[in-house]
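Subject: Structure handover

Hello,

Here is the structure I promised to pass on. My notes follow below it.

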Amino acid sequence: MRTFPIIRVVAKILIPYILLFAFYVQFHGDYGPGGGFQAGVIFASALILYGLVFGLESVKRVAPPVVIEKLMAVGVMVYGMTGVLTLTLGGKFLDYSVLEHHFYPDIFPSGQHLGIFLVELGVGITVTSVMTMIFYTFAGRKKIV
């Protein structure tokens, strides 16, 4: 892509806005449409665009495969541990009502919002990492002649 400077410049301009939109969808997910899956795909699409324009090795320097592998597990752990936390507090799996608290209610979200936020965060991290790893796998394949 070194012969296409316009594509490189446009990608450099678009990628921050794509990432910003992904964060908006992630953090707005418990108040309206959107959430972890959509935000994860949008975030991964920014990494994939970067990889398509600047090369696989460039995106692997930005998001190393070792880190992406660990983030896949972290995302699932955040989701699962939210459910385990609700179980240990006496509720059912992912019963957010047991997360209700009275600790700085103006600063920290209510139990329902906190539970949804944690679950959506786990889903977002997992989807971003899995989609990115799928791109690494397919983009790194060697041609068979």
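Let me start with one residue. Val-53 counts as buried, because its relative accessibility is 6% and the limit for buried is under 20%. Val-53 sits in helix α2. Its C-alpha atom is 9.1 Å from that of Phe-4, and the two residues are 49 apart along the chain.

Please keep in mind that this is a predicted model.

Overall fold

The chain has five helices and zero strands. Read from the N terminus, the order is α-α-α-α-α. The chain has 145 residues, and 32% of them count as buried. The accessible surface of the chain is about 9400 Å². Carbon and sulfur atoms account for 72% of that surface. I also looked at contacts between residues at least 6 apart in sequence. Of these, 60% join residues at least 24 apart.

The largest pocket

How many residues line the largest pocket? The lining has 15 residues. Nearest the centre of the pocket lie Phe-23, Phe-43, Gly-124, Ile-125 and Thr-128. The volume of the pocket is about 260 Å³.

Four helices each supply at least two residues of the lining. They are α1 (5–28), α2 (36–54), α4 (65–88) and α5 (111–139). By class, eleven lining residues are nonpolar and four are polar. No charged residue is part of the lining.

Gly-124 deserves a separate note. This residue is in helix α5, and it is among those nearest the centre of the largest pocket. Is Gly-124 buried or exposed? Gly-124 is buried, because its relative accessibility is 5%, and buried means under 20%. Leaving out residues up to four places away in sequence, Gly-124 touches Gln-26, Gly-36 and Gly-40. Met-72 is 52 residues from Gly-124 along the chain, with 9.9 Å between their C-alpha atoms.

Nonpolar cores

The largest nonpolar core has eight residues. They are Leu-47, Leu-56, Val-59, Ala-63, Ile-68, Met-133, Phe-135 and Tyr-136. Two elements, α3 (56–62) and α5, give two or more residues to this core. The most come from α5, which gives three.

Another core lies apart from this one. It has five residues, including Ala-11, Ile-15, Ala-46 and Phe-54.

Back in the largest core, what does Met-133 contact beyond its neighbours within four places in sequence? Its partners are Pro-65, Ile-68, Glu-69 and Met-72. Ile-68 is itself a member of the largest core.

The loop between α4 and α5

One last residue. Glu-100 is located in the loop between α4 and α5. Its relative accessible area is 45%, so Glu-100 is partly exposed. Not counting residues up to four places away in sequence, Glu-100 touches Ser-110, Gly-111 and Gln-112. Leu-114 is 14 residues from Glu-100 in sequence, and their C-alpha atoms are 8.6 Å apart.

In brief

Five helices make up the list of elements, with zero strands. The largest pocket has no charged residues in its lining. Helix α5 supplies lining residues to that pocket, and it gives three residues to the largest nonpolar core.

Best wishes

Note on methods. Residues are numbered from 1 along each chain as its sequence is written. This is a predicted model: local features need pLDDT of at least 70, side-chain atom pairs count only at pLDDT 80 or more; totals for chains, interfaces and linings use all residues. Side-chain values use heavy atoms; hydrogens and water are left out. Buried means under 20% relative accessible area, exposed over 50%, partly exposed in between (1.4 Å probe, protein chains only). Contact means heavy atoms within 4.5 Å. Accessible areas come from the Shrake-Rupley method with a 1.4 Å probe; for residues, only the protein chains shown count as cover. On a 1 Å grid over the protein atoms alone, a cavity is a set of points where a 1.4 Å probe fits but cannot get out, and a pocket is an open set with protein on both sides within 12 Å along at least five of seven lines; lining residues have an atom within 4 Å of a point. Grid points are joined across faces, edges and corners, and a volume is the space filled by probe spheres set on the points. Ala, Val, Leu, Ile, Met, Phe, Trp, Tyr, Cys and Pro count as nonpolar, Asp, Glu, Lys and Arg as charged, and the others, Gly among them, as polar. A nonpolar core is a set of buried Ala, Val, Leu, Ile, Met, Phe, Trp, Tyr and Cys residues joined through side-chain atoms within 4.5 Å.
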